[in-house]
Amino acid sequence: MQLPVFTQTPSFDVLPSWRLSRFYDDPEPPLAFFQGFFTEDGLHIQLKAYEQPTEHSYFCFTLLSAKKLCFSKVILPNKADNSLQSISLQGENLIGRYWGSQLFVPYSLCAPPISGSIGLFHGNIPLCFLHDELQTGDSVYPLVRFNPEQHPKSSSPENLTEDR
């Protein structure tokens with residue numbers, strides 16, 4: 001999965017979203033979305049689930065550097081994770097009520113190449129996962145590789161003077 005690289009942190013409102021689309025037993029899992037980007041400091045992620053959360057709702061987020069496990073986290077509604085820079089989210093927009101989290105993973109915790117597994121669960125039941133169509137393998141929980149997508153710099157004179 002190609003994620004953009006920015007020199008400054010943008011608003012998640014302007015970034016593309018990927019739906020957690022690998023569904024399991026639930027015939028109508030809640031809408032859940034992933035957004036992400038890289039900066040020179042690390043990986044920024046936002047997760048949102050459009051549902052009324054229960055005490056059994058959570059995102060499971062596992063991150064690997066190459067094949068080495070960096071961490072595996074349970075992200076609960078309305079609770080920030082003290083071991084990562086995180087902000088708990090909840091609100092309502094045109095799609096409906098949501099809950100989620102914004103997370104920052106510094107390169108000091110997990111150096112590239114970075115892969116991850118992100119899923120939405122209710123209790124022990126997996127509902128849906130982030131899935132990359134280019135992914136290979138038949139693992140139970142899909143693993144997605146997060147690749148920085150460098151944007152070409154403009155060669156116009158206006159942009160060259162602004163970059164200095």
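**Strands, core and disulfide of a predicted model**

Strands β4 (residues 31-38) and β5 (residues 42-50) run antiparallel and are joined by eight bridges. Across this pairing, Q35 stands opposite Q46 in β5. The model described here is predicted.

The pair belongs to a wider arrangement. Five strands make up an open sheet, in the order β2-β4-β5-β9-β8, with antiparallel pairing. The edges are taken by β2 (18-19) and β8 (85-92). Each has a single partner strand, so one side of each is left without a neighbour in the sheet.

The chain as a whole has one helix and 12 strands. Read from the N terminus, the elements run β-β-β-β-β-β-β-β-β-β-β-β-α. The chain has 164 residues, and 43% of them count as buried. Its exposed area is about 9800 Å². Carbon and sulfur atoms supply 51% of that area. Contacts between residues at least 6 apart in sequence were also examined. Of these, 60% join residues at least 24 apart.

Two residues illustrate the surroundings of the sheet strands. H44 lies in strand β5. The relative accessibility of H44 is 12%; the cut-off for buried is under 20%, so H44 counts as buried. The side chain of H44 makes a polar contact of 3.0 Å with the side chain of T39. Leaving aside residues up to four places away in sequence, H44 touches T9, F12, Q35, G36, F37, T39, L103 and F104.

One of these partners, L103, is found in strand β9 (residues 97-106). L103 is buried because its relative accessibility is 4%, where the limit is under 20%. With residues up to four places away in sequence again not counted, L103 touches L43, H44, I45, L47, F61, I75, L84, Q85 and S86. The contact with Q85 spans 18 residues in sequence. In space, the C-alpha atoms of L103 and Q85 are 5.8 Å apart.

Attention now turns to the core. In soluble globular proteins, nonpolar side chains tend to be buried together. In this model, the largest nonpolar core has 28 residues. The residues with the most contacts inside this core are L20, F34, F59, F61, I118, L120 and F146. At least two core residues each come from β4, β5, β6 (57-65), β7, β9, β10, β11 (125-129) and β12 (144-149). Strand β5 gives the largest share, four residues.

The cysteines were considered last. A search of the whole structure finds one disulfide. This disulfide joins C70 to C110, with an S to S distance of 2.4 Å. The link of C70 and C110 is right-handed, with 75° about the S-S bond. Distant parts of the chain are linked by this pair, as C70 and C110 are 40 residues apart. C70 sits in strand β7 (residues 68-75), while C110 sits in the loop between β9 and β10 (114-122).

The two ends of the link are covered to different extents. C70 has a relative accessible area of 25% and so is partly exposed. C110 has a relative accessibility of 1% and therefore counts as buried. Another cysteine, C128, is buried, with a relative accessible area of 0%.

Notes:
Residues are numbered from 1 along each chain as its sequence is written. This is a predicted model: local features need pLDDT of at least 70, side-chain atom pairs count only at pLDDT 80 or more; totals for chains, interfaces and linings use all residues. Side-chain values use heavy atoms; hydrogens and water are left out. Buried means under 20% relative accessible area, exposed over 50%, partly exposed in between (1.4 Å probe, protein chains only). Contact means heavy atoms within 4.5 Å. A disulfide is a pair of cysteine sulfur atoms within 2.5 Å. Two strands pair if DSSP finds at least two bridges between them. A polar contact is a pair of N or O atoms within 3.5 Å; within protein, one must be able to donate a hydrogen and the other to accept it, and residues adjacent in sequence count only if both atoms are side-chain atoms. A nonpolar core is a set of buried Ala, Val, Leu, Ile, Met, Phe, Trp, Tyr and Cys residues joined through side-chain atoms within 4.5 Å. Accessible areas come from the Shrake-Rupley method with a 1.4 Å probe; for residues, only the protein chains shown count as cover.
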